Amino acid sequence: MNGPEMFITEEISAEFRESLLARVGLMGVVFLRTLPPKSSDDKETEFSFKVEGTAGVKRFVMQNSHVSSLGNGLFHVKTAPSNEPIPIIKYSLLPRLTPLPLRIRLVKRLSGTLLSVMLQYVANPDLPVPLTNITFVLKLPVDPTLLKVTPKAVLNRSERELKWHVDEIPLKGHPGKLRARFPVDINDDDGGEELVLFGYVKFSSPRSLSGISLQPAIEGKTDFYEVDHRYSSGVYTCY
């Protein structure tokens, strides 16, 4: 390390009901990584920095023992060195201004005792880079027999989960489709309404989804290094 480092981690959660977005939320944390105690002679880490791209922020919560606000997006850090990254600011975005990296839709059709399910997905074309290494999971209502899937998927019978791995989702193009079909036992009394079936997605990407960035308080002054932002999925589901 050449000096203190700062980075952002963000977690986005969303719930889709059929094709409609029911709820969405993004939580972010700004971390400070100081020089290790031994190499810093136990001197306090102290500098000011600026947070930009905050138009969509609902609220900031500061760790007052490490950082204080100077107003107008400026903050001042003063803290003892640590071997672990220190969370100094937490924030959330306004739902209406939260960007969605991925839209998903669950389509299901019951024909007699045969249940057909399709997970559709499409990327946000405004993402700076495509999502890669995405995992789609379908929670099944039964341990399926005579299961047919396209494309190839992995079945976990003990968890009743069907899992697809997608290498990359292009930013432009037709929606992706993951299909499964299997028979289920249906009671005449409930008409199949008790079947619990939903999907969820796991992904991460090496940058800030919110567009928030960290800048030196004085242009051209290097008090810290901005490194390795990342966002990932929290509870990202479709019903």
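Begin by selecting Val 29, which you will find in strand E2, the strand that covers residues 20-33. Keep in mind throughout the tour that the model on your screen is a predicted one. With Val 29 still highlighted, ask yourself whether Val 29 is buried or exposed. Its relative accessibility is 17%, and because buried means under 20%, Val 29 counts as buried. If you now display the residues around Val 29, leaving out those up to four places away in sequence, you will see that Val 29 touches Phe 7, Ile 8 and Thr 9, and also Pro 87, Ile 89, Lys 90 and Tyr 91. For a sense of scale, add Gly 173 to the selection and draw a line between the two C-alpha atoms: Val 29 and Gly 173 are 33 Å apart in space, and 144 residues apart in sequence.

**The start of strand E1**

Next, select Glu 5, which lies in strand E1. Glu 5 has a relative accessibility of 15% and counts as buried. Apart from neighbours within four places in sequence, Glu 5 is in contact with Phe 31, Leu 32 and Arg 33, as well as with Tyr 225 and Val 227.

**Two domains and the surface between them**

Now colour the chain by domain, giving one colour to domain 1, which takes in residues 5-98 together with 209-238, and another to domain 2, which takes in residues 102-203. Taken over C-alpha atoms, the centres of domain 1 and domain 2 are separated by 34 Å. Where the two domains meet, the contact takes twelve residues from domain 1 and 14 residues from domain 2.

How much area do domain 1 and domain 2 bury between them? The value is about 1,100 Å², with 58% of it on carbon and sulfur atoms. To see where much of the contribution from domain 1 comes from, select Tyr 231, Tyr 236 and Cys 238, which supply 51% of the area that domain 1 buries against domain 2, more than any other three residues.

Across this interface the rule finds zero salt bridges, while the count of residue pairs in polar contact between domain 1 and domain 2 is five. On the side of domain 1 that touches domain 2, the elements that give two or more residues are strand E1 (5-17) and strand E18 (230-238). Strand E18 gives the most to that side, with six residues. Sorted by class, the side of domain 1 that touches domain 2 has seven nonpolar, four polar and one charged residues.

**Three places to look at the backbone**

Most residues other than glycine have a negative phi, and most peptide bonds are trans. With that in mind, select Glu 18, in the loop between E1 and E2, where phi is near 55°, a positive value in a residue other than glycine. Glu 18 counts as exposed, at 56% relative accessibility.

Move on to Asp 228, in the loop between strand E17 (225-226) and E18. Phi of Asp 228 is near 45°, again a positive value in a residue other than glycine, and Asp 228 counts as exposed at 67% relative accessibility.

Then go to Pro 151, placed in the loop between strand E11 (148-150) and strand E12 (154-156). The peptide bond that runs from Thr 150 to Pro 151 is cis, with omega near -10°.

**Charged pairs**

Side chains of opposite charge can pair when their charged atoms come close. How many salt bridges does the count come to by this rule? The count comes to seven salt bridges, and three of them can be visited here, one after another.

Select Arg 23 and Glu 15, which form a salt bridge with their closest N and O atoms 2.5 Å apart. Arg 23 counts as exposed, at 52% relative accessibility, whereas Glu 15 is buried, with a relative accessible area of 11%.

Go next to Lys 50 and Glu 52, whose salt bridge has its closest N and O atoms 3.7 Å apart. Lys 50 counts as partly exposed at 27% relative accessibility, and Glu 52 counts as partly exposed at 33%.

Finally, select Lys 139 and Glu 161, whose side chains meet in a salt bridge of 3.3 Å, N to O. This pair links distant parts of the chain, with Lys 139 in strand E10 (residues 131-139) and Glu 161 in strand E13 (residues 161-169), 22 residues apart. Glu 161 counts as buried, at 11% relative accessibility. As a last selection, add Arg 17 to Glu 15 and Arg 23, since salt bridges that share partners join Glu 15, Arg 17 and Arg 23 into one network.

Definitions and conventions: Residues are numbered from 1 along each chain as its sequence is written. This is a predicted model: local features need pLDDT of at least 70, side-chain atom pairs count only at pLDDT 80 or more; totals for chains, interfaces and linings use all residues. Side-chain values use heavy atoms; hydrogens and water are left out. Domain bounds come from an automatic or database domain assignment. Contact means heavy atoms within 4.5 Å. Buried area is the accessible area (1.4 Å probe) that two parts lose on being put together, summed over both. A salt bridge is a side-chain nitrogen of Lys or Arg within 4 Å of a carboxyl oxygen of Asp or Glu. A polar contact is a pair of N or O atoms within 3.5 Å; within protein, one must be able to donate a hydrogen and the other to accept it, and residues adjacent in sequence count only if both atoms are side-chain atoms. Helices (H or I, at least four residues) and strands (E, at least two) are DSSP runs, numbered from the N terminus. Ala, Val, Leu, Ile, Met, Phe, Trp, Tyr, Cys and Pro count as nonpolar, Asp, Glu, Lys and Arg as charged, and the others, Gly among them, as polar. Buried means under 20% relative accessible area, exposed over 50%, partly exposed in between (1.4 Å probe, protein chains only).
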